[in-house]
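Hi,

Here is the structure I promised to pass on to you. Have a look at it first, and then read on for my notes.

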Amino acid sequence: MKMGKAAVMVDFDKPFEVRNYPLPDKVEQGAVLVKMVMAGICGTDVHTWLGHTGGKILNFPVILGHENVGEIVELGGEVKDWNGIPLKKGDRITWPTTIGTYCYQCFNCTVAGIPNKCLQRKTYGAGITSEQSPHFLGGWAEYCYLYPRTSLFKLPDGLPAEALVASGCAAPTMVHASEKADIHVGDTVVVQGSGPVGLFGLIVARENGAGKVIVVGGPTERLDLARRWGADATIDISEVKDPKDRVQLVKEKSLSKYGADVVFECSGVPAAFAEGAQYARDGGRYVIVGQFMDAGPSETFHPFWITFKELTVMGSYSWEPKHTGRAVALIDRIKDKYSLKDIVTDRFKLEQTTEAIQAVRDWKTIKAVLVP
Ligand SMILES: [Zn+2]
Ligand SMILES: [Zn+2]
């Protein structure tokens with residue numbers, strides 16, 4: 001029996017263990033077995049590891065890892081990717097976190113029209129224990145088993161795995177959010193937060209034809225990167241400490257002096273909500289992307305602003321498979337323009353998973369990846 005290694009999470013905030021599991025002896029019709037090329041460590045993984053995921057109970061042990069590139073080693077019959085491209089052994093693919101696909105039958109999939117909120121959704125990388133077959137259901141392992149109907153995307157030749165993994169969850173998250181924001185050519189777009197999601201907010205704004213992009217965040221290195229990536233202006237929150245002054249600065253720096261056409265909240269900080277609403281012009285659009293975990297209330301928000309400004313406030317949660325496809329196409333086109341693969345600053349082996357996740361937790365790395 002062929003075996004493979006996996007880094008498994010045995011409990012919250014405990015060191016990861018490397019365990020050996022047997023590979024499935026048969027790959028079912030429509031499924032795919034990949035050898036992992038690279039897997040990213042996302043901020044969400046840190047929250048999962050530390051137990052910040054609320055009431056969601058993990059079935060320990062589990063294999064985390066949802067920013068993945070794998071190389072196909074086995075296919076169950078004829079399998080096509082989501083763009084209709086027939087897949088073969090040796091192809092490099094990526095896939096979103098959902099096991100199989102959305103059900104397209106539940107209330108959220110059909111009536112509400114938001115399959116990213118599918119009520120039947122199960123996920124790779126935390127959802128199912130690694131103790132039961134097929135064991136390999138997360139990216140932090142030598143292999144990953146992809147069930148039939150999973151949305152698979154073939155990587156274009158010449159697209160380095162680093163560029164895709166470095167863009168991670170941030171890319172499809174912001175592709176989705178930018179559709180909500182409906183950015184028009186020439187818009188002033190303000191991005192709150194300069195983490196991976198915020199930096200991709202800058203990229204999608206730029207690539208959607210924004211006239212001016214302003215990034216509000218920190219620390220300095222992140223804002224330097226934002227300017228290299230085409231931010232017209234940055235506001236460092238450690239230098240401009242009073243939110244009132246930042247609101248004033250945004251208005252001065254906006255193309256129309258009435259404020260931003262679009263604001264993306266990508267910081268995850270509840271207080272950013274009240275501040276961002278004040279950046280927006282009358283009739284502006286405010287998309288809240290960063291509040292992926294409940295970090296508490298925003299106490300200084302005035303609902304009056306929404307009415308008085310006729311502000312449109314929208315939430316954007318995770319993404320759908322189509323956004324992964326659009327993100328892959330975008331990343332392939334802009335990979336050199338933004339030197340995306342250079343964002344990967346730290347590589348770790350499976351045996352170093354604890355060290356790797358601690359580095360991400362402690363903000364000691366821009367992008368850390370596991371190379372099994
Ligand atoms: Zn993620
Ligand atoms: Zn559904």
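In what order do the six strands of the open sheet come, and is their pairing parallel or antiparallel? The order is 10-9-8-11-12-13, and the pairing is parallel. Before I go further, please keep in mind that this is a predicted model.

**The sheet and its helices**

At the edges of the sheet sit strand 10 (233-236) and strand 13 (312-315), each of which pairs on one side only. On average, neighbouring strands here are turned by 15° against each other, with direction ignored. Helix 4 packs on this sheet, where it touches strand 11, strand 12 and strand 13; the direction of helix 4 makes about 150° with that of strand 11.

If you want one strand pair to inspect, try strand 11 (residues 260-265) and strand 12 (residues 280-288), which are joined in the parallel sense over five bridges. Ala260 has Ala280 in strand 12 as its bridge partner. Helix 8 (residues 271-279) lies across strand 8 (188-192), strand 9 (212-217), strand 11, strand 12 and strand 13, and runs at about 145° to strand 12.

**The zinc ion with four cysteines**

For the zinc ion (ligand 2), the protein donors are the SG atoms of Cys103, Cys106, Cys109 and Cys118, at 2.3 to 2.4 Å. Their spacing in sequence is C-x2-C-x2-C-x8-C. Why is the arrangement called tetrahedral? The four donor atoms subtend angles of 104 to 119° around the zinc ion (ligand 2), and four donors count as tetrahedral if all angles lie between 85 and 135 degrees. For reference, the ideal angle for four tetrahedral donors is 109.5 degrees.

Two of these cysteines fall on either side of the burial cut-off, which is 20% relative accessible area. Cys109 has 9% and counts as buried, whereas Cys103 has 22% and is partly exposed.

**The other zinc ion**

The zinc ion (ligand 1) is coordinated by Cys42 (SG), His66 (NE2) and Cys169 (SG), at 2.0 to 2.2 Å. Along the chain, these donors follow the spacing C-x23-H-x102-C. His66 lies in the loop between helix 1 (43-50) and strand 4 (68-75), and Cys169 in the loop between helix 3 (161-167) and helix 4 (170-181), so this pair ties together parts that are 103 residues apart in sequence. His66 and Cys169 are both buried.

**Two side chains to look at**

Lys367 belongs to strand 15 (residues 367-370) and is buried, at 6% relative accessible area. The side chain of Lys367 makes a polar contact of 2.6 Å with that of Glu67. Beyond its neighbours within four places in sequence, Lys367 is in contact with residues including Cys42, Val165, Ala166 and Asp346. Cys42 will be familiar as a donor of the zinc ion (ligand 1).

Glu131 is in the loop between helix 2 (107-110) and strand 6 (143-146). With a relative accessible area of 42%, Glu131 is partly exposed. Which side chain does Glu131 join through a polar contact of 2.6 Å? That partner is Tyr21. Leaving aside neighbours within four places in sequence, the contacts of Glu131 are Arg19, Tyr21 and Pro61. Glu131 and Val62 lie 69 residues apart in sequence, with their C-alpha atoms 7.9 Å apart in space.

Best wishes, and enjoy exploring!

Terms used: Residues numbered from 1 in each chain as written. Chains lettered and ligands numbered in written order. Predicted model: local features only at pLDDT ≥ 70, side-chain atom pairs only at ≥ 80, totals over all residues. Heavy atoms only, no water. Donors = N, O, S within 2.8 Å, 3.2 Å for Na, K, Ca; no water. Tetrahedral: all angles 85-135°; square planar, octahedral: opposite > 155°, others 65-115°. Buried < 20%, exposed > 50% of the residue type's maximum accessible area, 1.4 Å probe, protein only. Helix = DSSP H or I, 4+ residues; strand = E, 2+ residues; numbered from the N terminus. Polar contact = N/O pair within 3.5 Å; in protein donor to acceptor, adjacent residues only side chain to side chain. Contact = heavy atoms within 4.5 Å. Pairing = 2+ DSSP bridges. Axes fitted to C-alpha atoms, helices over the stretch in contact; angles between N-to-C directions.
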